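Here's a quick tour of one chain, going from a sheet to a core to the domains. Have a look at the fold first, then read on.

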Amino acid sequence: MIYFPQLSSGATGQFPISRERLARTVVNQSLQNYQVKLADPGAAVTEWHLSFEEMSDQELAALEALFQAVEGSLTPFTFLDPADNLLAWSEQQSQPVWQADSLLVLTGGVADPLGGTNAYQVSNPTAATLMLQQSINAPASLAYCLSLYACSAQISRVWLVRGTETDAYAIGPQWTRLVSAGQLANAAESISFGIALDPGATMNVYGFQAEAQTAASLYKPTADTGGVYPNARFKGDTLTITTVGPSRHSCELDIVNVEYL
Amino acid sequence: MLQFNTDTIRFLDGTEQRFRDNPSVLHQWTIQLDLLDESELAALDQFVVTNQGRFGNFSFTDPWDGTVYPNCSLAADTFGFQLSGEMRGKATVTVCENRT
């Protein structure tokens with residue numbers, strides 16, 4: 001898998017970051033301003049403009065290696081949006097993209113910590129540990145951060161699953177944001193994020209978020225697409241690098257993801 | 001912005017006949033948003049994605065007088081934001097009223 005590299009800090013991008021989404025709607029407009037519209041979702045385009053300052057030699061080498069491997073704008077690579085949640089349907093754990101063990105009981109419509117009713121109650125009525133997770137097609141070797149809100153009527157324990165890593169956290173009646181971050185020595189081309197429940201455990205969960213960085217940012221809800229773009233490309237065939245000293249490089253680049261390519 | 005749609009026919013002697021093409025005025029709002037945090041930007045982005053740009057319809061409450069306009073759309077198929085730092089997002093959205 002060819003993918004956009006992370007900086008040595010574990011971040012995919014630096015501020016400022018800008019992103020633009022372009023949809024295509026065919027509009028037939030009458031003289032009286034009545035409109036008939038037709039959506040063309042296949043023509044959607046997403047573009048990012050990334051600026052990198054003070055890159056080290058290693059960071060620049062990784063970027064140049066990617067640019068040469070994909071031959072500029074010719075071939076695609078996997079890009080993990082630095083400004084988005086990588087998980088799809090972050091507030092609908094009943095969607096098929098979430099893999100819940102068959103005996104796990106999910107109940108939606110529970111009050112969430114942000115004032116809505118988008119949390120889920122998750123119960124494990126069995127005598128075995130059960131899991132709820134989502135897998136994304138991204139290299140497991142990158143640094144990731146999984147975060148979510150959880151609470152339980154009684155003091156309980158929840159396991160955060162980040163690839164092959166599982167971390168235990170104690171939760172109580174108050175909503176708490178739990179964070180599991182780090183980098184795995186794993187060459188797999190996909191990675192799963194989620195939770196594992198001890199036998200008999202019941203808890204409320206909300207706001208699943210995975211990010212390709214080492215710390216959690218504010219929660220970003222997602223719907224049918226997360227921030228994983230397997231068909232991204234460099235917009236141009238030129239990569240211009242400015243060097244102001246030893247291991248002090250900067251560059252700006254545009255990345256584009258086109259659905260219909 | 002308020003928009004009427006007036007058709008004008010000008011005659012050789014300089015006189016004019018005017019008539020309205022639209023039965024009523026249409027409204028448009030340009031909303032400039034600064035200092036948004038990532039959650040607010042994500043909510044806005046999801047709203048644009050859900051609407052598929054200017055394809056979808058929604059009701060919009062005029063922030064000036066609280067009037068609810070039940071049939072509105074985004075004015076453009078493009079939505080972009082700039083994130084210059086943590087909790088320092090910037091975006092502009094234009095909402096237009098549709099003829100019903």
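## The open sheet

In this predicted model, chain A has an open sheet of five strands, ordered E7-E8-E15-E10-E13 and paired antiparallel. Strand E7 (105-110) and strand E13 (176-183) of chain A sit at the edges; each has a single partner strand, so one side of each is left without a neighbour in the sheet. Going from one strand to the next, the twist averages 30 degrees.

Zooming in on one edge, E7(A) is joined to strand E8 (residues 119-123) of chain A by four bridges, and these two run antiparallel. In that pairing, A:Val110 stands opposite A:Ala119 in E8(A).

## The nonpolar core

The largest nonpolar core holds 57 residues, and those touching the most other members are A:Leu86, A:Ala138, A:Tyr144, A:Ala150, A:Ile195, A:Met203 and A:Val205. Strand E10 (residues 143-151) of chain A supplies the largest share of this core, with eight residues. Domain 1 (17-83 + 228-258) and domain 2 (99-211) of chain A both give residues to the core, so it lies between them.

What is A:Tyr144 in contact with, leaving aside its neighbours within four places in sequence? The list is A:Arg162, A:Ala181, A:Ile191, A:Ala210, A:Glu211 and A:Ala212. As general background, nonpolar side chains in soluble globular proteins tend to be buried together.

## The two domains

Chain A splits into domain 1, made of 17-83 + 228-258, and domain 2, made of 99-211. Taken over C-alpha atoms, the centres of domain 1 of chain A and domain 2 of chain A are 31 Å apart.

Notes:
Residues are numbered from 1 along each chain as its sequence is written. Chains are lettered from A and ligands numbered from 1 in the order in which they are written. This is a predicted model: local features need pLDDT of at least 70, side-chain atom pairs count only at pLDDT 80 or more; totals for chains, interfaces and linings use all residues. Two strands pair if DSSP finds at least two bridges between them. Axes are lines fitted to C-alpha atoms, for helices over the stretch in contact, and angles run from 0 to 180 degrees between N-to-C directions. A nonpolar core is a set of buried Ala, Val, Leu, Ile, Met, Phe, Trp, Tyr and Cys residues joined through C-beta atoms within 7 Å. A residue is buried if 20 or more other C-beta atoms lie within 10 Å of its own, exposed if 12 or fewer, and partly exposed in between; C-beta atoms are placed from the backbone. Domain bounds come from an automatic or database domain assignment. Two residues are in contact if their C-beta atoms, placed from the backbone, lie within 7 Å.
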